[in-house]
Amino acid sequence: MKDRILLINYDFPPTLSGVRRITKLARYLPDHDFEPVILSATPNGRSAIDVDGLKEVEACGYQVIRTPSPDFDHAAAMLNQVLSPVRVVRKKLDHAAPPVKSPPKTVTLRSRMLSGSASFTRRIMALPDDRMPWLLTAIPMAEHLLRSQAIRYVLTSSYPNSTHLIGLYLKRRYNIHWHADFRDGWTQNPYFADYVTPLHRQVNFSLEQRVAEGADTLTGVSSPIVDHLATLSGRGNVVLLPNGFDPTDLSDVPKMEFDKFTLAYTGTMFMQRSPDSFFAAVRGLLDSYPGLTDNFQVIFRSNMKPEHLAMIRDLNLERVIINWGMGSWRDALSLQKSADALLVLEGENPNSHIMLTQKIFEYLAADKPILAVAPPGALADLVRRTRAGVVIAPDNVFRIKETLFELFLGRVTFKRNESLINSYTRQRQAEELAQILRGKNRGKLY
């Protein structure tokens with residue numbers, strides 16, 4: 001008989017971001033006598049949607065329970081839905097009315113001030129994060145599931161970090177094995193741990209400590225995250241469980257044909273994860289070798305910010321750097337499979353050494369040379385240990401430019417560590433988690 005495990009993750013298909021690790025665990029844990037039950041938030045209407053991911057989940061047939069979340073994104077989506085008819089009417093009236101002069105610049109300034117104020121207010125209310133309101137519906141549902149079903153194990157996964165507070169609450173009230181899984185760092189996170197006040201910092205440090213001390217077992221995706229959690233826990237119950245890839249995902253993904261050398265980037269870009277130095281390197285490449293303009297391209301499957309698009313225009317790179325938008329997860333896999341080489345970017349900032357993006361494992365599965373523009377840390381270490389590509393510091397524009405030319409010429413060769421790469425499959429990841437939950441882990445305890 002299989003043990004039932006409740007997997008709690010804020011995002012879940014059809015939401016695109018932050019779901020791949022959990023969906024793959026849910027798919028392969030049954031091979032190790034675990035029956036998954038999923039608890040997630042209802043999609044907020046603002047996040048990217050992936051229909052293919054939902055089809056994969058539905059094919060597996062396990063329980064998926066969703067509860068509404070009164071957080072900012074859900075509220076904003078509801079407000080947008082309410083105002084949508086108003087905008088339609090206003091647009092029709094604008095077309096019917098005679099043209100008027102553009103509003104003065106003061107209106108734009110006022111709009112920016114309001115936007116900045118809203119952003120600051122959101123950061124003030126985000127304690128420990130902006131998904132905290134989900135706990136109001138998630139905790140009662142989790143309790144109902146524990147009372148009505150024979151669930152012995154609970155796994156909470158972050159980001160958002162507030163998800164672990166559900167596990168902390170349940171552990172204190174029910175006889176369960178609680179596992180806390182960290183896909184990202186908490187107080188170390190270079191993207192979310194720039195706390196707006198000392199109070200926010202102190203509360204997050206305190207909650208992180210309680211989670212590390214309260215969980216029966218913990219995992220982190222990179223060694224720096226695991227080392228930090230092990231220090232907080234002090235009980236030798238923290239295990240490194242990196243992200244991975246599923247070899248079956250690429251089996252039926254269509255391959256595109258390009259008539260020029262194609263470097264591809266898939267995934268999000270935000271905050272310190274900036275393409276500025278890479279764009280400058282491409283501009284330098286074209287200046288040094290003008291003939292490449294018709295034979296070289298970089299395709300992004302990403303959510304480029306307006307400043308990124310403006311930089312492409314300012315550097316006159318529209319013919320070479322192309323953004324196809326986020327697309328679906330399968331769209332990203334198709335581009336990875338079809339490109340000549342793959343690009344990964346990571347910003348250089350405090351705690352950037354902990355970052356180990358899930359995308360890099362999909363890149364490994366695609367078996368293409370990887371250009372990692374990244375500072376020293378977990379990401380750079382993985383690329384070097386797998387011998388799957390070349391790592392260049394983000395501020396070394398000249399070397400990025402020269403490496404791009406070497407990739408174009410086919411002069412950059414790699415002898416991949418296939419044994420190490422094959423250890424990162426999702427199937428093996430599920431097996432290792434099952435061993436951790438049952439106290440049979442053969443890996444390194446911290």
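1. Let me start with the open sheet, where 6 strands line up in the order E10-E9-E8-E11-E12-E13 with parallel pairing. Strand E10 (321-323) and strand E13 (389-392) are the edge strands; each has a single partner strand, so one side of each is left without a neighbour in the sheet. Ignoring direction, neighbouring strands here are turned by 20° against each other on average. Do keep in mind as you read on that this is a predicted model.

2. At the E13 edge, strand E12 (residues 370-373) and E13 run parallel and are joined by 4 bridges. One pair to look up in the viewer is Ile370 with its bridge partner Gly389 in E13.

3. Two helices deserve a look against this sheet. Helix H11 (residues 329-338) packs on the sheet, where H11 touches strand E8 (261-266), strand E9 (296-301) and strand E11 (341-345), and its direction makes about 150° with that of E8. Helix H14 (residues 397-409) lies across E8, E9, E11, E12 and E13, and runs at about 165° to E13.

4. Strand E9 is a nice one to inspect residue by residue. Of its 6 residues, 6 are buried. On one side these are Phe296, Val298 and Phe300, and on the other Gln297, Ile299 and Arg301, so both faces of E9 are covered. You may like to check the setting of Gln297 and Arg301, which are both buried.

5. The pairings of E9 come next. E8 and E9 run parallel and share 6 bridges, with Phe296 in E9 as the bridge partner of Phe261. E9 also pairs with E10 in the parallel sense, over 3 bridges, and there Val298 has Ile321 in E10 as its bridge partner. Between E9 and E10 the chain passes through helix H10 (residues 306-314), giving a right-handed β-α-β crossover.

6. Now to strand E1 (residues 3-8), near the start of the numbering, where 5 of the 6 residues are buried. E1 pairs with strand E2 (residues 34-41) in the parallel sense over 6 bridges, and Leu7 finds its bridge partner in Ile38 of E2. The connection from E1 to E2 goes through helix H1 (residues 20-28), and this β-α-β crossover is right-handed. E1 also runs parallel to strand E4 (residues 151-158), to which 5 bridges join E1; Arg4 has Ile151 in E4 as its bridge partner.

7. The helix pair H5 (residues 135-148) and H6 (residues 163-173) is worth a closer view. Their axes come within 10 Å and cross at roughly 40°, which makes H5 oblique to H6. The crossing is right-handed. At the contact, Leu135, Ala138, Ile139, Ala142, Glu143 and Leu146 of H5 meet Leu165, Ile166, Tyr169, Leu170 and Arg173 of H6.

8. Last, helix H8 (residues 223-233): what share of H8 is buried? The count is 8 of its 11 residues, so H8 is mostly covered. The buried ones are Pro224, Ile225, Val226, His228, Leu229, Ala230, Leu232 and Ser233. They pack against strand E5 (177-182), helix H7 (198-214), strand E6 (217-220), strand E7 (238-240) and helix H13 (378-386). After H8 comes Gly234, with a positive phi near 70°.

Key: Residues numbered from 1 in each chain as written. Predicted model: local features only at pLDDT ≥ 70, side-chain atom pairs only at ≥ 80, totals over all residues. Heavy atoms only, no water. Buried < 20%, exposed > 50% of the residue type's maximum accessible area, 1.4 Å probe, protein only. Pairing = 2+ DSSP bridges. Right-handed = clockwise from strand over helix to strand, strands pointing away. Axes fitted to C-alpha atoms, helices over the stretch in contact; angles between N-to-C directions. Parallel < 35°, antiparallel > 145°, perpendicular 65-115°, else oblique. Left-handed = near helix turned anticlockwise from the far one by under 90°. Contact = heavy atoms within 4.5 Å.
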